[in-house]
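User: I would appreciate a close look at a single part of this model. Please treat its covered residues, its accessible residues and its length in one connected account.

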Amino acid sequence: MVVTVLMVVDVIISVILIASVLLQSGKSAGFSGLGGGESLFTGKPTDMDEALSRITMVFGILFAVVNIVIARIQ
């Protein structure tokens, strides 16, 4: 029962992790990844890029922890 719940949580975390990675703009995206003209000249990440970076980091750590717990239980 616990393993099933953890596997469902793992799938949800992995979908969120995939979405957060895909929504980030690449570092060398060039003109195709421009969020605005300001980011082209200043090189500063937007607030959305910072938020997505943090979300990716948090869910990446959660993904690893949940997978380790599942492996230990089985």
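**Helix H3: buried and accessible residues**

Analyst: In this predicted model, the buried residues of helix H3 are Leu52, Thr56, Val66 and Ile70. Part of what covers these buried residues is helix H1, which comprises residues 2-23.

Helix H1 also contains Asp10, a residue that is itself buried yet forms no salt bridge. The nearest side chain of opposite charge to Asp10 belongs to Arg72, 15 Å away. Apart from neighbours within four places in sequence, the contacts of Asp10 are Phe63, Val66, Asn67 and Ile70. Two of these contacts, Val66 and Ile70, are listed among the buried residues of H3.

As a general point, an α-helix has 3.6 residues a turn, so residues three or four places apart point the same way.

Accessible residues come next. A nonpolar surface patch of about 540 Å² is formed by Val2, Met57, Ile61, Val65, Val69 and Ile73. Helix H3, residues 47-73, supplies the largest share of this patch, namely five residues. Val69 is located in helix H3 and is one of the patch residues. Because its relative accessibility is 34%, Val69 is classed as partly exposed; the partly exposed class lies between the limits of 20% for buried and 50% for exposed.

Finally, the length of the helix may be considered. With 27 residues at 1.5 Å a residue, H3 should span 39 Å, and its end C-alpha atoms are 39 Å apart, so the two values agree.

Definitions and conventions: Residues numbered from 1 in each chain as written. Predicted model: local features only at pLDDT ≥ 70, side-chain atom pairs only at ≥ 80, totals over all residues. Heavy atoms only, no water. Patch = residues over 30% accessible without salt bridge, like charges linked within 9 Å, V, L, I, M, F, W, Y side chains within 5 Å. Areas by Shrake-Rupley, 256 points an atom, 1.4 Å probe, with all protein chains shown as cover. Salt bridge = Lys/Arg side-chain N within 4 Å of Asp/Glu carboxyl O. Helix = DSSP H or I, 4+ residues; strand = E, 2+ residues; numbered from the N terminus. Buried < 20%, exposed > 50% of the residue type's maximum accessible area, 1.4 Å probe, protein only. Expected span 1.5 Å × (residues − 1). Contact = heavy atoms within 4.5 Å. Lys, Arg positive; Asp, Glu negative; His and termini not counted.
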